[in-house]
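Let's take a friendly walk through this structure, one piece at a time. Have the sequence and the 3D view ready.

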Amino acid sequence: MVATDVASRGLDIQNVDLVIQVEPPKDTETYIHRSGRTARAGKTGTCITFYTKKTYELVQKIEDKAGIKLKRIGVPQPEDVIKASSKDILKNLKNVNDEVLHLFKDTAQILIEQYDGDAEKALMTALAYCSGHYKHKLLSKSLLNGQENHTTISMRSIVVRGRIYEKNAYTILRKYWEPRLVEGIRNMKPLKDCSGVVFDIKSENFEKFIENFNHLKTTEAESKIDFNV
């Protein structure tokens with residue numbers, strides 16, 4: 001069911017367990033009425049609200065006025081989408097009639113032989129094909145803005161009540177990482193408690209970034225660094 005705010009008041013629609021708001025409303029009362037279309041009569045339900053940088057203040061306003069705390073969820077990674085679709089495959093497999101299984105016995109044995117008797121790998125390959133996600137390598141997405149081929153990294157202080165701001169973070173990165181990696185950093189933002197920052201790097205540079213960090217932990221620099229990633 002797709003509806004405007006006309007359906008957010010006065011209508012008691014049964015069995016609505018999910019409400020999706022494409023953007024947060026400008027007033028808290030409207031949000032309450034919209035989300036109230038689910039979890040009626042003591043039942044439970046879920047309300048998902050999409051927001052952008054421009055509308056984030058509306059989300060904060062709703063929390064403050066309604067006295068609630070909304071759970072923030074980042075952009076789903078491709079792995080999350082595939083795992084969700086895999087659950088649908090399992091449900092559909094329950095509908096397979098046992099009387100047709102013998103028709104696939106020879107094919108199943110050939111498939112297992114193709115993977116040197118590794119039945120688990122053969123089954124995973126078949127499930128991957130059924131899911132439709134099998135032709136290309138998965139590209140990671142930024143948790144900050146959903147941009148493909150970017151990986152989000154969190155840098156935090158390991159000192160009790162320590163602080164790392166954006167300026168400090170860049171100083172640390174320029175000191176311990178090569179310029180090419182630092183220049184490719186995007187979307188740096190401070191954590192709410194100022195204990196660190198998050199930022200994006202190109203996924204192709206992620207392994208090298210982490211490799212350099214692990215190297216720092218095994219050298220004399222270990223005693224000098226006061227951060228973790």
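## The nonpolar core

Before we start, keep in mind that this model is predicted. Let's begin on the inside: the largest nonpolar core has 20 residues, and the ones touching the most other members are M155, L173, W177, F199 and F227. Several elements chip in with at least two residues each, namely β3 (150-157), α6 (166-176), α7 (179-183), β5 (196-202) and α8 (206-217). The top contributor is α6, which gives 4 residues to this core. As a bit of background, nonpolar side chains tend to be buried together in soluble globular proteins.

Now zoom in on W177. Not counting neighbours within four places in sequence, W177 is in contact with I172, V182, F209, N212, F213, L216 and F227.

## The sheet

Next, find the strands. Four of them form an open sheet in the order β4-β5-β3-β6, and the pairing is antiparallel. Which strands stand at the edges? They are β4 (186-190) and β6, and each has a single partner strand, so one side of each has no neighbour in the sheet.

Let's look at the pairs. β3 and β5 are antiparallel and share 7 bridges; here S154 of the model sits opposite V198 in β5. β4 and β5 also run antiparallel, joined by 3 bridges, and R186 faces D200 in β5. The hairpin made by β4 and β5 has 5 residues between the strands, and there C194 takes a positive phi near 65 degrees.

Is β5 largely enclosed or largely open? It's largely enclosed by the rest of the structure, because 6 of its 7 residues are buried.

## Helices across the sheet

Two helices are worth a look here. α6 lies across β3, β4, β5 and β6, and runs at about 125 degrees to β4. α8 lies across β3, β5 and β6, running at about 135 degrees to β5.

## A closer look at V229

Finally, move to V229, which you'll find in the segment after β6 (227-228). Is V229 buried or partly exposed? With 28% relative accessibility, V229 counts as partly exposed, because buried would mean under 20%.

So what does V229 touch? Setting aside neighbours within four places in sequence, V229 is in contact with I153, S154, M155, F209, I210 and F213. One of these, M155, also appears among the core residues that touch the most other members. For a sense of distance, try K65: 164 residues separate V229 from K65 in sequence, and their C-alpha atoms are 35 Å apart in space.

Technical notes. Residues are numbered from 1 along each chain as its sequence is written. This is a predicted model: local features need pLDDT of at least 70, side-chain atom pairs count only at pLDDT 80 or more; totals for chains, interfaces and linings use all residues. Side-chain values use heavy atoms; hydrogens and water are left out. Buried means under 20% relative accessible area, exposed over 50%, partly exposed in between (1.4 Å probe, protein chains only). Contact means heavy atoms within 4.5 Å. A nonpolar core is a set of buried Ala, Val, Leu, Ile, Met, Phe, Trp, Tyr and Cys residues joined through side-chain atoms within 4.5 Å. Two strands pair if DSSP finds at least two bridges between them. Axes are lines fitted to C-alpha atoms, for helices over the stretch in contact, and angles run from 0 to 180 degrees between N-to-C directions.
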